[in-house]
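Here are some notes for a colleague who is opening this structure for the first time. Please keep the sequence and the 3D view at hand while reading.

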Amino acid sequence: MPSGCSIRALWIISNHDTVVFSRRFPVVEKRWRSAFKTENESTDPPRLPTDQQLAVAFARRKRREGSSRGYGLRVAQSTKGSDSWVDDPITRHIISLSLSEDDDNESNKDNEMNILWPIVIHTKALYHILVLPLVEPKEMRDFVNLSNRSDCGSAVGEDLSLSSLLLNISSITGALMVAHSFGDIVSGDTAEPEVVVAASPSVGGLFDSLTGSIGISSRPRPVAAAPVAASSSSSGSSITGAAASDAPRGGLLDKDLLRSFIASAMPFGTPLDLSLSNIFAMKANGFSSAEPPHQDLKQPAWKPYLYKGKQRLLFTIHETINAAMYDRDEIPDSVSVAGQINCRAELEGLPDVSFPLAGLSKARIDSISFHPCVQVPAHGIDKQNIVFQPPLGNFVLMRYQAGCGLGPPVKGFYQLSMVSEDEGAFLFKVGLMEGYKSPLSMEFCTITMPFPRRRIVGFDGTPSAGTVVTTEHSVEWRVVGSGRSLSGKSLEATFPGTIKFSRLKSRRRGDGDDDEESDGEGTENVVNVEEVLVQKMNKDLPAVEMEEPFCWQAYDYAKVSFKIVGASVSRMSIDTKSVNIYPTTKSPVEYSAQVTSGDYILWNTLGKAPSAAAV
């Protein structure tokens, strides 16, 4: 079979283990059956399962592996032939399904006729997206043999290891891209990356007419694409700095949109262009030969239209800071930066854009990846030259992980101590923007104490700076409010106070152990009075919702939210004077930067907190 990526079938499964959408590609399936019959002349190739069979096999695997993704690593309940038996974390993303009805039948497990592999799984919103790419029958046989070995396969890079096997299958990467594209569509995350631009007149012309039809705006203010199609489940979203969530968004699956996307993006099962923006632009406007590119220039697939109008080049560095602040000698604080450079090129023709990406060592880059249109012809310890032919609209030029070169923008500690079962005393002491100089400016900063398992009935406290807003389950301290920014100077603030919760209802006798007896035992075994209170308080607390994964006790942390503009905190930057465009054109180059908080946590110094063990 030729190399590349082809998809045999894909399924979308709801959180109720029901197939809500499926598509099989007969052209690709015919190639699979032909290859299978070539190697197994006396055996008829297995057919793809029905939606019902697939749903049953997926539910059975979820029960066996412990979740839809599974453990990834071998555990006590792992069985021979299962994904976790292979003992490789990649099996959380590339799974197999046993189509036999009896999981305990070893002969069925050893038979590749009953195994569907490799299935790329991607979970988004309410759905699991399963994509089955085309692979060689020999690769399928190697996996079946590997999944039944007791030694988990050999070392990485050697024969019969899962990692080396998957590295040689080119269709895996394509299947992952397909799964993520479908995940964005079913969840409504189809907005283009945000590019912040200065106020200026509209570029007008052909580009406005094209991009306007698909929801891309080239007007002043931040340029962020709206959803490209009107879907009952779609909701546009720009980068917010918060961690990506798989929480349900509600709404019905737009099957017509999925069918239309498949017909244009991957006809006959071969992915061509997975950009939803390009597809809808072509459907809305068609193709025009009025302004064809020069015959010596090859027009790339990611740029189906040529721009005509006022030219300019826009860059935005968007960084997200994740931090865990402990204020403890035995646990070091953890601060990391996830960044990306968003770009929008309003340039006529098919120009090449190049610029040196300097300051890599100063930014302490841990990892870096580029858009497929990027070439990196020269690089060194502290410098990389980037050359790219920009696509249509906004796109992510590169992504990176780095250290926070300027230090955490919010330092300090949070303490909360329960003085009784329904009352606590807390203290914040924070320092904002220490060591940060102009042009860096903090537009807002909010610190929130969430109490999802308790209801607040009383609050008393006055901060040295900012204002306080309380809800039934949280206290929000707006240290720097919107409308007033913090620039060119630091700020130290304290916030002491007390908080009162509604009294917990004691369990009735007969529902469990006697309250008086259990309380007495707790007092004898625990000397610390506060630990006794926590034990007594947690006994009747309801379970924590999954939206608050950090609240595994009644109180544990405060979450910091902020936005900083003016420059990056990793010291990554773009020198607009070093940006070259070929063929040469007089196009202004604009650059902006913004930093937002991700999971920025102040753990309660007086409570328990999870931390990563140093190795």
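The numbered points below go from the whole protein to its cores, its helix pairs and a few single residues.

1. Please bear in mind throughout that this is a predicted model. The protein has 615 residues, of which 48% count as buried, and its secondary structure comprises twelve helices and 23 strands. Among the contacts with a separation of 6 or more, 72% are accounted for by residues 24 or more positions apart.

2. A good place to begin is the largest nonpolar core, which has 45 residues. Within this core, the residues with the most contacts are Ile12, Trp117, Val131, Phe182, Leu258 and Met266. Helix 6, which covers residues 171–187, supplies the largest share of the core, namely seven residues. Another core, of 40 residues, lies apart from it, and Ile321, Ala323, Trp477 and Val595 are among its members.

3. Phe182 deserves a separate look, since it is named among the residues with the most contacts inside the largest core. If its neighbours within four places in sequence are left aside, Phe182 is in contact with Leu10, Ile12, Ile129, Leu258, Phe261, Ile262 and Met266.

4. How do helix 6 and helix 8 cross? Their axes come within 11 Å and cross at roughly 150 degrees, helix 8 being formed by residues 255–265. That angle makes helix 6 roughly antiparallel to helix 8, and the crossing in which helix 6 passes helix 8 is right-handed. On the side of helix 6, the residues that meet the partner helix are Ser181, Phe182, Ile185 and Val186, while helix 8 brings Leu257, Leu258, Phe261 and Ile262.

5. A second helix pair can be set beside this one. The axes of helix 1 (residues 26–39) and helix 4 come within 9 Å, with a crossing angle of roughly 70 degrees. The two helices are therefore roughly perpendicular to each other. Their contact is made by Trp32, Ala35, Phe36 and Glu39 from helix 1, together with Pro137, Lys138 and Arg141 from helix 4.

6. Is helix 4 mostly covered or mostly uncovered? Helix 4 is mostly covered, as seven of its ten residues are buried. Those buried residues are Pro137, Glu139, Met140, Asp142, Phe143, Val144 and Leu146, so that a reader who follows the helix along residues 137–146 will find Glu139 and Asp142 listed as buried beside Met140 and Phe143.

7. Just beyond this helix, attention can turn to Ser147, which lies in the loop between helix 4 and helix 5. Ser147 is buried, because its relative accessible area is 4% and the cut-off for that class is under 20%. The side chain of Ser147 reaches the backbone oxygen of Val144 at 2.9 Å, and it also makes a polar contact with the side chain of Asn148, at 3.5 Å. Not counting residues up to four places away in sequence, Ser147 touches Lys80, Gly81, Trp85 and Val86.

8. Another serine, Ser170, is found in the loop between helix 5 (162–167) and helix 6. Why does Ser170 count as partly exposed? Its relative accessibility is 44%, and the partly exposed class lies between the limits of 20% and 50%. Ser170 and Val135 are 35 residues apart in sequence, yet their C-alpha atoms are 8.8 Å apart in space.

9. Helix 2, made of residues 51–65, contains Ala59 and also Glu65. Ala59 counts as buried at 13% relative accessibility, and its C-alpha atom is 9.1 Å from that of His16, although the two residues are 43 positions apart in sequence. Glu65, for its part, counts as buried at 1% relative accessibility.

10. Which partners does the side chain of Glu65 have? It reaches the backbone nitrogen of Asp83 at 3.1 Å, and it makes a polar contact with the side chain of Ser84, also at 3.1 Å. With residues up to four places away in sequence left out, Glu65 touches Gly70, Tyr71, Ser82, Asp83 and Ser84, so a reader checking this site should display both Asp83 and Ser84, whose contacts are given above.

Terms used
Residues are numbered from 1 along each chain as its sequence is written. This is a predicted model: local features need pLDDT of at least 70, side-chain atom pairs count only at pLDDT 80 or more; totals for chains, interfaces and linings use all residues. Side-chain values use heavy atoms; hydrogens and water are left out. A nonpolar core is a set of buried Ala, Val, Leu, Ile, Met, Phe, Trp, Tyr and Cys residues joined through side-chain atoms within 4.5 Å. Buried means under 20% relative accessible area, exposed over 50%, partly exposed in between (1.4 Å probe, protein chains only). Helices (H or I, at least four residues) and strands (E, at least two) are DSSP runs, numbered from the N terminus. Contact means heavy atoms within 4.5 Å. A polar contact is a pair of N or O atoms within 3.5 Å; within protein, one must be able to donate a hydrogen and the other to accept it, and residues adjacent in sequence count only if both atoms are side-chain atoms. Axes are lines fitted to C-alpha atoms, for helices over the stretch in contact, and angles run from 0 to 180 degrees between N-to-C directions. Angles under 35 degrees count as roughly parallel, over 145 as roughly antiparallel, 65 to 115 as roughly perpendicular and the rest as oblique. A crossing is left-handed if the near helix is turned anticlockwise from the far one by less than a right angle, and right-handed if clockwise.
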